[in-house]
Amino acid sequence: MAIHYLASFHEICVVTALLPLVTLFTCFVTAYVFQYDDVHETHCRVYNIVPSISAITGVSPQRYFWRFSIALHIGPRIPIAFVYKNYYRAQLARLAPSLVPKTSWLITLILVLNCIEIAALGGVTYISNRENYPVHERIFITFMICSLCYMLATIKLNGILNARQTLTEQQRLSIKWKKILFVVSILSTIGLLVFFAKHRFYCHDLAFSWFAFFEYLIAIANMLFHFTIIWDFPSQFMVIVQGPRENLLQYLGAKPKLN
């Protein structure tokens with residue numbers, strides 16, 4: 001057998017999680033400073049001070065920077081979703097037999113929600129509100145629903161898997177911040193819907209700014225929720241190995257599995 005690639009999974013996850021956050025901040029600052037009028041344009045034409053994410057990532061050249069960043073971000077997100085699935089399934093053995101079918105179904109649901117969220121993120125990125133607003137809006141709603149359901153299902157799953165278990169400090173931090181960020185996302189979603197209605201139907205001053213503010217909170221909470229992976233996988237490595245399949249399965253099967 002030959003190892004062609006060995007990388008810290010922890011570092012890959014950190015870069016993947018931070019990439020959209022840093023890019024979003026860069027797009028906001030540059031668009032706000034250099035393209036103020038363009039990013040504040042709305043159908044109501046009322047006073048606003050905070051542009052939406054769609055606005056700052058829909059102007060040029062920020063559009064291309066954001067799309068390139070999301071392309072780099074989505075690539076590792078897909079294998080990470082399957083790593084999480086296998087990570088959770090490895091813990092089913094310590095559950096009571098009666099809980100295994102329900103928990104296994106929940107793990108599959110989390111994988112599906114995660115994949116749909118990733119696909120929806122790509123959709124809202126590459127189909128901007130200026131190019132096709134109805135499609136952009138529907139994909140954004142899909143992203144929101146799947147994101148919140150994914151968070152809730154993940155918290156529920158961790159509660160089942162870790163019941164009566166002695167948790168490490170990193171595991172406690174991970175669960176604690178997942179719950180906090182889920183609550184932030186729920187409250188921000190309520191605020192976003194309220195001010196979206198005020199902007200869309202009543203054209204109140206600053207309504208769109210408040211809508212955008214809650215949109216940023218939702219996006220940041222979502223990014224940080226996925227960033228908790230640094231506590232879930234603190235010391236794992238990603239390896240690309242060449243060798244006969246039988247030898248690899250025999251070698252991996254002989255190694256003790258560490259949680």
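Phe28, Tyr32, Tyr36 and Tyr216 form one aromatic cluster. Within this cluster, Tyr32 and Tyr36 make an aromatic pair of the edge-to-face kind, with 5.2 Å from centre to centre and 90 degrees between the planes. Tyr32 counts as partly exposed because its relative accessibility is 28%, and Tyr36 is likewise partly exposed because its value is 32%. A further edge-to-face pair joins Tyr84 and Tyr87, at 6.4 Å centre to centre and 70 degrees between the planes. Both of these tyrosines belong to helix H4 (residues 62-89), where they are 3 residues apart, about one turn of the helix. An α-helix has 3.6 residues a turn, so residues three or four places apart point the same way. Tyr84 counts as buried because its relative accessibility is 8%, under the 20% limit for that class. The count of aromatic pairs comes to 16.

These details belong to a predicted model. The chain contains 10 helices and 2 strands, and along the sequence they follow the pattern β-α-α-α-α-α-α-α-α-α-β-α. Taken along the principal axes, the C-alpha atoms fill a box of roughly 65 × 40 × 30 Å. Of the 259 residues in the chain, 43% are buried.

Helix H1 can be followed in more detail. H1 covers residues 9-34, which is 26 residues, and reaches 38 Å from its first C-alpha to its last, close to the 38 Å expected at 1.5 Å a residue. The helix nevertheless has a kink of about 30 degrees at Leu18, shortly before the proline Pro20. Pro20 is itself one of the buried residues of H1, and the others are Phe9, Cys13, Thr16, Ala17, Thr23, Leu24, Cys27 and Ala31. Ala31, found in helix H1, counts as buried because its relative accessible area is 0%. The C-alpha atom of Ala31 is separated by 9.2 Å from that of Pro61, although the two residues are 30 residues apart along the chain.

The next subject is the enclosed space. Rolling a probe the size of a water molecule over the atoms shows where empty space is left. How many cavities of 30 Å³ or more does a search of the whole structure find? The search finds 5. The largest cavity has a volume of about 390 Å³. It is lined by 26 residues, of which Ile53, Trp66, Leu121, Val124 and Phe143 are the closest to its centre. Two or more lining residues come from each of H1, H3, H4, helix H5 (100-126), H6 and H8. Among these elements, H8 gives the most, with 6 residues. By class, the lining of the largest cavity divides into 13 nonpolar, 10 polar and 3 charged residues.

The second largest cavity holds about 100 Å³ of space. Its lining consists of Cys13, Thr16, Ala17, Arg77, Ile80, Ala81, Tyr84, Asn114, Tyr150, His226 and Ile229. Two elements met above, H1 and H4, each supply at least two of the lining residues. From H1, Cys13, Thr16 and Ala17 are among the buried residues of that helix, and these three residues also line the second largest cavity. Tyr84, the buried member of the tyrosine pair described earlier, is another of the lining residues. H4 provides the largest share of this lining, 4 residues. The lining has 7 nonpolar, 3 polar and 1 charged residues.

The model also has open pockets. Which helices each supply at least two residues of the lining of the second largest pocket? They are helix H3 (53-56), helix H6 (133-161), helix H7 (169-202) and helix H8 (207-227). The second largest pocket has a volume of about 660 Å³. Of its 25 lining residues, Asn129, Tyr133, Phe196, Phe208 and Phe211 are the closest to the centre. H6 gives the most to the lining of this pocket, with 7 residues. Sorted by class, the lining comprises 12 nonpolar, 8 polar and 5 charged residues.

Some helices recur in these linings. H3, H6 and H8 each give two or more residues to the lining of the largest cavity, and H3, H6 and H8 also each supply at least two residues to the lining of the second largest pocket. H1 gives two or more residues to the largest cavity and at least two to the second largest cavity.

Notes:
Residues are numbered from 1 along each chain as its sequence is written. This is a predicted model: local features need pLDDT of at least 70, side-chain atom pairs count only at pLDDT 80 or more; totals for chains, interfaces and linings use all residues. Side-chain values use heavy atoms; hydrogens and water are left out. On a 1 Å grid over the protein atoms alone, a cavity is a set of points where a 1.4 Å probe fits but cannot get out, and a pocket is an open set with protein on both sides within 12 Å along at least five of seven lines; lining residues have an atom within 4 Å of a point. Grid points are joined across faces, edges and corners, and a volume is the space filled by probe spheres set on the points. Ala, Val, Leu, Ile, Met, Phe, Trp, Tyr, Cys and Pro count as nonpolar, Asp, Glu, Lys and Arg as charged, and the others, Gly among them, as polar. The expected span of a helix is 1.5 Å times one less than its number of residues. The bend at a residue is the angle between axes fitted to the seven residues ending there and the seven starting there. Buried means under 20% relative accessible area, exposed over 50%, partly exposed in between (1.4 Å probe, protein chains only). Rings of Phe, Tyr and Trp (its six-membered ring) pair if their centres lie within 6.5 Å; planes under 30 degrees apart count as stacked, over 60 as edge-to-face and the rest as tilted.
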